[in-house]
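Here are my notes for you on this one, colleague. Please have the structure open as you read, and take the points in order.

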Amino acid sequence: MPILPEAQAIGTPHTVFIATNREQADDGTFGPGRSETLNLMEATVSIPPNHVPGDLSYRHRNPDPERDFALADLTPVTGVRDLAGRLVREQRQNNWSEREVTIFVHGYNSTLPEVAYRAAQIAHDVDLPGSLLMYAWPSRGRAFGYAYDLESMLFARNGLEQVIRDTKAAGAKRIILVAHSMGTALAMEMLRQSDFKDPGWAARTLDSVLLIAPDLSVDLFESQIRDLSRVPQPFGVMVSEKDAVLSVSAMLRGNVTTGRLGNIASAERLEDLPVEVIDITEFASDATVGHFVAATSPSLIAMIRSTDQITQSFEGPRETFFGQLFPPSQTSLLQNGKIRISRSEER
C-alpha cells in the first residue's frame, strides 16, 4: 500500500474514511489477520486523469498516478471526536446541507487498498453526496480464502455495529449502509444481532440499506429480515440474473435450484417483505465485472448520475426510494416481484 503524495496533484482526490478490524503489521499495513481493535483512518485516493466510469485500474506495486488509482495520503483518526471534526470540515468544504455518510461494506477476496480504490471509484462515478466511510473487515484477499472469509465475516459483526454507532455519535444526520456480495451477509447478521440487543435500533439509526449482488440464500435472507422488529427504510436489493459468480456459489452450496438472492429470476416470494428488489440484468453486458454490475457498468453509472436524484429521493415515499433513482422512462413496473431497469427508452 504505497503512499504517493504527488498523486494528489495529478489525479482527482477523493476522501475515503476507513474503519478496519484487520490486524496491523509492524510495517503499518493491514493484512488479513483479525483484531479486536477498530482502527479509524482518513485516506485520500487519487483517481487518474484518464479514468473512465466503471473502470478500476490499480497496481499494488509501483502505481502510476497518471494511469492508476493511488493512495496519496493516509492519516489516523483518533476517535469519535476527531471523526466528527473531519466530517464537519468535509461538509463545509463541499457546502453539503446535511452531514450524510455512506458506509460501504466490501465482499469476499478483498484487500484494504482494493476496497479503498473501489469505494472511491463508485462515489466519484455516481457523484455520491456526503462523506464516504468503508468498513474493511479481515478478508484473506485470495481466491481460495472463501472459508476464511466466511468466518471473518461473522467475526466482523461487532465491528460494523460499532462503526455505525461511532458515525452516529460523530454527528451524522443521515447514514446509508451499502454492502456488496459476502458483505451483505455481514450487514444482515449485524442488523439481526443489533435488533436482538436493542429492538428497532437499526431502523432508528440507518436512513437506508442497499444490498448489491447479495451472496445469500433467499431462505436465509427471509429469516434474517423477519427477525428484525423494524426493517430500516428504504431497503433495496440489487440483483442481476447473469451473475455467474453467484451461480458458482449456489452450486458449491448445493442450492442450484433456488440460486442466490443476488441472481434470483423471480422475487415474488419476497413481495410481502418491506424491500425493493431492483433488477439490473440488462446492464450486465457492458459491465467489466459481472458480479459488480452496479459499480462497473458505464451505462448504468451514467443513468444514475444523470438523474441527480439520490438526495432528492429521500423526500418522496420511502418504499419506492430506489425506483426513483432511475428515469421513469427506463423503470418498468414490478415484474416477478422486481423493479426492472431497462437500458433502452422503450420498455
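1. Let us begin with Lys-338, which sits in strand 11 (residues 338-341); strands here are DSSP runs of E with at least two residues, helices are runs of H or I with at least four, and both are numbered from the N terminus. This is a predicted model, in which local features need pLDDT of at least 70 and side-chain atom pairs count only at pLDDT 80 or more, while totals for chains, interfaces and linings use all residues. Residues are numbered from 1 along each chain as its sequence is written, and side-chain values use heavy atoms, with hydrogens and water left out.

2. Is Lys-338 buried or exposed? Lys-338 counts as buried because its relative accessibility is 0%; buried means under 20% relative accessible area, exposed over 50%, and partly exposed in between, with a 1.4 Å probe and protein chains only. The side chain of Lys-338 has a polar contact with that of Glu-241, at 2.9 Å. A polar contact is a pair of N or O atoms within 3.5 Å; within protein, one must be able to donate a hydrogen and the other to accept it, and residues adjacent in sequence count only if both atoms are side-chain atoms. Setting aside neighbours within four places in sequence, the contacts of Lys-338 (heavy atoms within 4.5 Å) include Val-239, Glu-241, Ile-264, Asp-279 and Leu-333.

3. Do look at the backbone in the loops. Asn-336, in the loop between strand 10 (331-335) and strand 11, has a positive phi of about 55 degrees although it is not a glycine. Asn-336 is partly exposed, at 35% relative accessibility. Ala-213, in the loop between strand 7 (208-212) and helix 7, also is not a glycine and has a positive phi of about 45 degrees. Ala-213 is buried, with a relative accessible area of 7%.

4. One peptide bond deserves a glance: that from Gln-233 to Pro-234 is cis, with omega near 0 degrees. Pro-234 belongs to the loop between helix 7 (218-226) and strand 8 (235-239).

5. Next, helix 8 (244-253). At its N-terminal end Asp-243 acts as a cap, with a side-chain oxygen 3.2 Å from the backbone nitrogen of Val-245. Just after helix 8, Gly-254 has a positive phi of about 80 degrees.

6. Which residues of helix 8 are buried? They are Leu-246, Ser-249 and Ala-250. Viewed down the helix axis, the buried residues fall within an arc of 100 degrees, so they line one face of helix 8; the arc is that of the directions from the helix axis to the C-beta atoms. An α-helix has 3.6 residues a turn, so residues three or four places apart point the same way. Helix 3 (146-155) is part of what covers the buried residues of helix 8. On the face turned away from the buried side are the exposed residues Ala-244, Met-251 and Leu-252.

7. Helix 8 also matters for reading the largest pocket, since it gives the most to the lining, with 5 residues. On a 1 Å grid over the protein atoms alone, a pocket is an open set of points with protein on both sides within 12 Å along at least five of seven lines, a cavity is a set where a 1.4 Å probe fits but cannot get out, and lining residues have an atom within 4 Å of a point. The largest pocket holds about 550 Å³ of space; grid points are joined across faces, edges and corners, and a volume is the space filled by probe spheres set on the points. Its lining has 23 residues, with Tyr-108, Asn-109, Ser-110, His-180 and His-291 nearest the centre.

8. By class, the pocket lining has 11 nonpolar, 8 polar and 4 charged residues. Ala, Val, Leu, Ile, Met, Phe, Trp, Tyr, Cys and Pro count as nonpolar, Asp, Glu, Lys and Arg as charged, and the others, Gly among them, as polar.

9. How many cavities of 30 Å³ or more does the search find? The whole structure has 3. The largest cavity has a volume of about 410 Å³, and among its 24 lining residues Ile-122, Val-126, Leu-128, Val-178 and Leu-210 are closest to the centre. Helix 2 provides the largest share of this lining, 4 residues. The lining divides into 22 nonpolar, 2 polar and no charged residues.

10. Finally, the second largest cavity has a volume of about 60 Å³. Ala-213 returns here: along with Ile-212, Ser-240, Ile-280 and Val-293, it lies nearest the centre among the 13 lining residues.
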